[in-house]
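User: I am new to this structure and would like a close look at a single part of it, the largest pocket. What lines the largest pocket?

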Amino acid sequence: MKFNSLFKKLYVQEALLTLLDKFVILLGNFVILQILAERLSKSGFGVFSLGISIYVFISMFPFTAIDHAVNRYYSIYQKKGIWLCALNAITFLFFILAIIYCLIALIINGYVTPLISGLENIYPILFFSLTEIYRITLLNIENVQRNRAINLISNAFVYVMRILIIIYLFKENLLDITFIFWGFGLISLTNIGFVLLSNFKDYVGLFKNSIKENL
């Protein structure tokens, strides 16, 4: 009976934390879009929407597959004792893909960006996209490890900071697409550091395996 009551209590706590996490994400996105829709020009908001679309596109090819693989194989790899190798593979694959997208960005920045009014260069959008994608991947790993509180704290921090940085940029008359995406990317990068430190024991073992094991 005590075990059942403890299990139910933990299940309710996890459900509440997950629900709060989803609420924070929805509310944060809603507030940010409302502020930017009111403060940015039509062309500026259009470029912001384009930037978010680019982020979604990059995250789908093929980073979404990585997240699905984590959800599917984490428990299996954990039981086999090869999760650290999988984590190395994820990190290595991410950096390879990041390099590929950076090379693509060089081409886009030279030939496509000049055709889009209000977009000086694509690098701030790429910086935000890559940092946010890696942040989401780390949170997905925390989620399969049932660390719901880390997800909630991380997302609450990110969305509060994004709202604050938008307000600051507006007050300083610097509310520009470039500054917005650089700011969002720096916030995501800071949050990545928090996630890595919060579960330091898991991530400190990265690259300690032999090359043969990682392959």
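Analyst: The following account turns from the chain as a whole to the largest pocket. The model is predicted, so local features need pLDDT of at least 70 and side-chain atom pairs count only at pLDDT 80 or more, while totals for chains, interfaces and linings use all residues. Residues are numbered from 1 along each chain as its sequence is written, and side-chain values use heavy atoms, with hydrogens and water left out.

The chain holds eight helices and zero strands, where helices (H or I, at least four residues) and strands (E, at least two) are DSSP runs numbered from the N terminus. Of its 215 residues, 39% are buried, that is, under 20% relative accessible area with a 1.4 Å probe, protein chains only.

The largest pocket has about 570 Å³ of space. On a 1 Å grid over the protein atoms alone, a pocket is an open set of points where a 1.4 Å probe fits, with protein on both sides within 12 Å along at least five of seven lines; lining residues have an atom within 4 Å of a point. Grid points are joined across faces, edges and corners, and the volume is the space filled by probe spheres set on them.

The lining of this pocket comprises 25 residues, and those closest to its centre are Ile25, Arg135, Ile136, Asn155 and Tyr159. Two or more lining residues come from each of helix H1 (2-39), helix H2 (42-80), helix H4 (123-144) and helix H5 (148-171). H1 gives the largest share, eight residues. By class, the lining has 12 nonpolar, seven polar and six charged residues; Ala, Val, Leu, Ile, Met, Phe, Trp, Tyr, Cys and Pro count as nonpolar, Asp, Glu, Lys and Arg as charged, and the others, Gly among them, as polar.

How values were computed: Buried < 20%, exposed > 50% of the residue type's maximum accessible area, 1.4 Å probe, protein only.
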